[in-house]
Amino acid sequence: LFVVRLEPGATGTDTVAQALSTCSGLVILGSYANIIDFVRAHRRVRGKYLDLVVFEMAHTALGTDPAAEKAVMNWDKHFRERVLQRLFITSRSLEPEPVESLEDATMEVPGVPSYKVVAKQGGPGGPEVYSLPIEEAHHAGLTVPLKLVVLRATGQGLIDDLAALHSSLGVEHVEALPPEAGGGSQEAVEFLDEQVQSRTSGACKVHAERGEVPDALLVATKKKPDTQYLLQALGRLS
């Protein structure tokens, strides 16, 4: 069994294509944003199907990550590669809204216990394979406690406090919520990023959501933030 990490762009496509041509057992690790590079490699070698695709953090498809949404909710539409089995690892239901008149519907599959339909039309669905209660996750040390920190609202105070978070908690990636969800403007985020990087020798960055896993979320607003967006963003914290 050979394991390959998918790199973005043409280099990643070439590497995966070579591995697909020479290895009988292959596991490929990559991000949602780079799936198309794998698909190009699979088509280049004329692969017939994929045995298994595991969608980690599948709940990000319900947020603002278009790459995850394409892969999790609309794989067949966007990629059209045949998949024999799909496994979704998620911290919440993948049903963004109830399917009208199907709230109590069940699906019958030969050899599989009846299961409730939990996906919107076109989205993923299937029996729950395994569930880990939050109490067991805490006991096993699999969770990371959230820390709420109130930062000073002044420009220099905010810069100093973010730099202090890097020093005390090791925060390296701070994701600023977009203005419509309760965050600052793009210009303000760029200025803050420049100043914080200057204070931390480039070790701590402030940016808008861009598919990376953040260490912290920055909410800067005088009004109530978008609760739904904030809850989805919390699921991306590392």
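Helix H1 (residues 9-22) packs against helix H2 (residues 35-44) at an angle of about 40°, and their axes are 8 Å apart. The two helices are therefore oblique to each other. Their crossing is right-handed. This is a predicted model.

On the H1 side, the contact involves Gly 9, Thr 13, Asp 14, Val 16, Ala 17 and Leu 20. They meet Asp 37, Phe 38, Arg 40, Ala 41, His 42 and Arg 44 in H2. By class, this contact has five nonpolar, three polar and four charged residues.

Next come the aromatic rings. The structure holds three aromatic pairs. Two of them are set out here.

| Pair | Centre to centre | Angle between planes | Class |
|---|---|---|---|
| Phe 55 and Trp 75 | 6.0 Å | 85° | edge-to-face |
| Trp 75 and Phe 79 | 4.9 Å | 50° | tilted |

The pair of Phe 55 and Trp 75 links distant parts of the chain. Phe 55 lies in strand E3 (residues 50-55), Trp 75 in helix H4 (residues 75-78), and they are 20 residues apart. Phe 55 has 2% relative accessibility, so it counts as buried. Trp 75 is buried too, with a relative accessible area of 3%. Phe 79 is also buried. Phe 55, Trp 75, Phe 79 and Phe 88 form one aromatic cluster.

A loop residue completes the report. Ser 131 sits in the loop between strand E6 (112-116) and helix H5 (134-139). Its relative accessibility is 42%, so Ser 131 counts as partly exposed. Ser 131 and Thr 90 are 41 residues apart in sequence. In space, their C-alpha atoms are 9.8 Å apart.

Notes:
Residues numbered from 1 in each chain as written. Predicted model: local features only at pLDDT ≥ 70, side-chain atom pairs only at ≥ 80, totals over all residues. Heavy atoms only, no water. Axes fitted to C-alpha atoms, helices over the stretch in contact; angles between N-to-C directions. Helix = DSSP H or I, 4+ residues; strand = E, 2+ residues; numbered from the N terminus. Parallel < 35°, antiparallel > 145°, perpendicular 65-115°, else oblique. Left-handed = near helix turned anticlockwise from the far one by under 90°. Contact = heavy atoms within 4.5 Å. Nonpolar A, V, L, I, M, F, W, Y, C, P; charged D, E, K, R; others polar. Buried < 20%, exposed > 50% of the residue type's maximum accessible area, 1.4 Å probe, protein only. Phe/Tyr/Trp six-rings, centres within 6.5 Å; stacked < 30°, edge-to-face > 60°.
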